[in-house]
Amino acid sequence: MSDMTWEEYDRRIERVPIFVPVGSTEQHGPGLPMNVDSIIPTEFSERTAERVDGIVAPTIQYGAKSQPGSGGGSEFVGTTSVHGGTLRRQIQDVIGDLERDGARKIVFFNGHYENEYPIREAIDRQIERGTQATFLIASWWDLLSPSLRDEIFEEVPGGFPGWEKEHAGVIETALMRHFRPELVREDEIVDDEAERTPPHIVKPAPAETIPDSGVFYRATYGTADVGRRVVDDVIGALINAIETEFE
């Protein structure tokens with residue numbers, strides 16, 4: 001979208017899906033850059049848009065507050081977040097302008113765990129105001145087929161730990177090695193995990209519940225080949241969702 005002229009955009013907006021990637025600026029350990037959660041949804045959106053004749057809007061790169069149990073939170077230098085209400089208002093404003101210009105098929109593609117509910121709430125509020133658009137909300141991890149997920153984690157000691165504990169772990173490392181290998185600090189990729197993972201939330205978070213490295217699982221198992229398989233699987237699911245929900 002940002003590379004188009006307004007006239008080029010105007011000719012297409014009413015008939016094609018508009019993708020809005022939503023990410024974050026958040027630590028991802030010593031081996032990955034802080035824009036992982038923005039790169040991944042942007043790359044997925046661009047590849048999918050090519051196959052469904054869509055348009056990709058600029059990525060929202062500041063996400064909802066990083067939490068200690070799924071990213072380390074503000075304990076790490078560089079993690080730069082906004083409150084959920086701030087993100088919700090920004091998304092709602094973006095929706096308003098997209099709709100004003102004629103968008104009727106809008107895909108919010110998410111790459112940051114904590115963004116899910118601000119995105120949903122922004123769309124709910126827009127619907128309450130009255131809308132002519134149809135919205136599709138997807139986080140890449142929800143589109144990954146359970147069969148492929150289980151196959152990938154069969155080779156990982158400890159198996160699948162749950163998505164909140166996969167921060168900077170197997171799949172994110174694999175996707176970055178596939179999408180943007182030049183940004184991966186290969187010599188710094190490490191396996192790590194918290195000393196203690198309680199089934200409840202404590203704030204301020206005890207130090208032993210956050211890995212010192214910022215890596216919450218076994219990043220060394222995230223190969224570029226795993227990334228390629230995940231990309232093919234997720235894009236297939238996203239295309240199917242678009243074809244099903246946008247008539």
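Which residues of the largest nonpolar core touch the most other members? In this predicted model, the residues in question are F44, W140, I171, L175 and V230, which belong to a core of 43 residues. Several elements contribute to this core, since α2, β3 (105–110), β4 (134–139), α5, α6, α7 and α8 each supply at least two of its residues. The largest share comes from α8, which provides nine residues. Apart from this core lies another, made up of 22 residues, among them V16, V20, A64 and A133.

The surroundings of helix α7 give a clearer view of how such a core is put together. Nine of the 10 residues of this helix, which spans residues 170–179, are buried, and the helix is therefore largely enclosed by the rest of the structure. The buried residues are V170, I171, E172, T173, A174, L175, M176, R177 and F179. The elements that cover them include α2 (36–52), α5 (140–143), α6 (146–153) and α8 (224–245). One of the buried residues, I171, is in contact with W140, I152, F153, W163, E166, V226 and V230 when its neighbours within four places in sequence are left aside. Two of these partners, W140 and V230, are named together with I171 among the core residues that touch the most other members.

The strands form an open sheet of four, in the order β2-β1-β3-β4, and their pairing is parallel. In general, the strands of a sheet pair through backbone hydrogen bonds, and the pairing may be either parallel or antiparallel. The edges of this sheet are formed by β2 and β4, each of which pairs on one side only. Strand β1, which covers residues 18–22, pairs with β2 in the parallel sense over two bridges, and I55 in β2 is the bridge partner of I18.

Three loop positions carry backbone features that deserve attention. The first topic is phi, which has a positive value near 60° at D53, a residue other than glycine. D53 is placed in the loop between α2 and β2 (55–56), and because its relative accessibility is 40%, it counts as partly exposed. A positive phi, of about 60°, also occurs at A168, again in a residue that is not a glycine. A168 is placed in the loop between α6 and α7 and is buried, with a relative accessible area of 1%. The remaining feature is a cis peptide bond, which joins K203 and P204 with an omega of about -5°; P204 is found in the loop between α7 and α8.

The enclosed spaces of the model come to two cavities of 30 Å³ or more. The largest of them holds about 150 Å³ of space, and of the 15 residues that line it, Y113, W141, W163, H167 and E172 are the closest to its centre. The residues of this lining divide into four nonpolar, five polar and six charged. E172 also appears among the buried residues of α7. The second largest cavity holds about 40 Å³ and is lined by H28, P30, G31, L32, A168, T173, E188, I189, V190, V215 and A219. Its lining has seven nonpolar, three polar and one charged residues. The lining thus includes A168, described above for its positive phi, as well as T173, which is one of the buried residues of α7.

Open pockets were also considered. About 350 Å³ of space lies in the largest pocket, and of the 18 residues that line it, those closest to its centre are P68, G69, K165, H200 and I201. By class, this lining has eight nonpolar, six polar and four charged residues. The second largest pocket contains about 190 Å³, and its lining consists of M1, S2, D3, M4, T42, E46, I55, V56, A57, P58 and T59. The elements that give two or more residues to this lining are α2 and β2, and by class the lining has six nonpolar, three polar and two charged residues.

One lining residue of this second largest pocket, T42, lies in helix α2. Its relative accessibility is 17%, and because buried means under 20%, T42 counts as buried. When residues up to four places away in sequence are not counted, T42 touches P21 and T59, and T59 is itself part of the lining of the second largest pocket. The bridge partner of I18, which is I55 in β2, likewise belongs to this lining.

Conventions:
Residues numbered from 1 in each chain as written. Predicted model: local features only at pLDDT ≥ 70, side-chain atom pairs only at ≥ 80, totals over all residues. Heavy atoms only, no water. Buried < 20%, exposed > 50% of the residue type's maximum accessible area, 1.4 Å probe, protein only. Contact = heavy atoms within 4.5 Å. 1 Å grid on protein atoms, 1.4 Å probe; cavity = no way out; pocket = protein on both sides within 12 Å on 5 of 7 lines; lining within 4 Å. Points joined across faces, edges and corners; volume = space filled by probe spheres on them. Nonpolar A, V, L, I, M, F, W, Y, C, P; charged D, E, K, R; others polar. Core = buried A, V, L, I, M, F, W, Y, C linked by side-chain atoms within 4.5 Å. Pairing = 2+ DSSP bridges.
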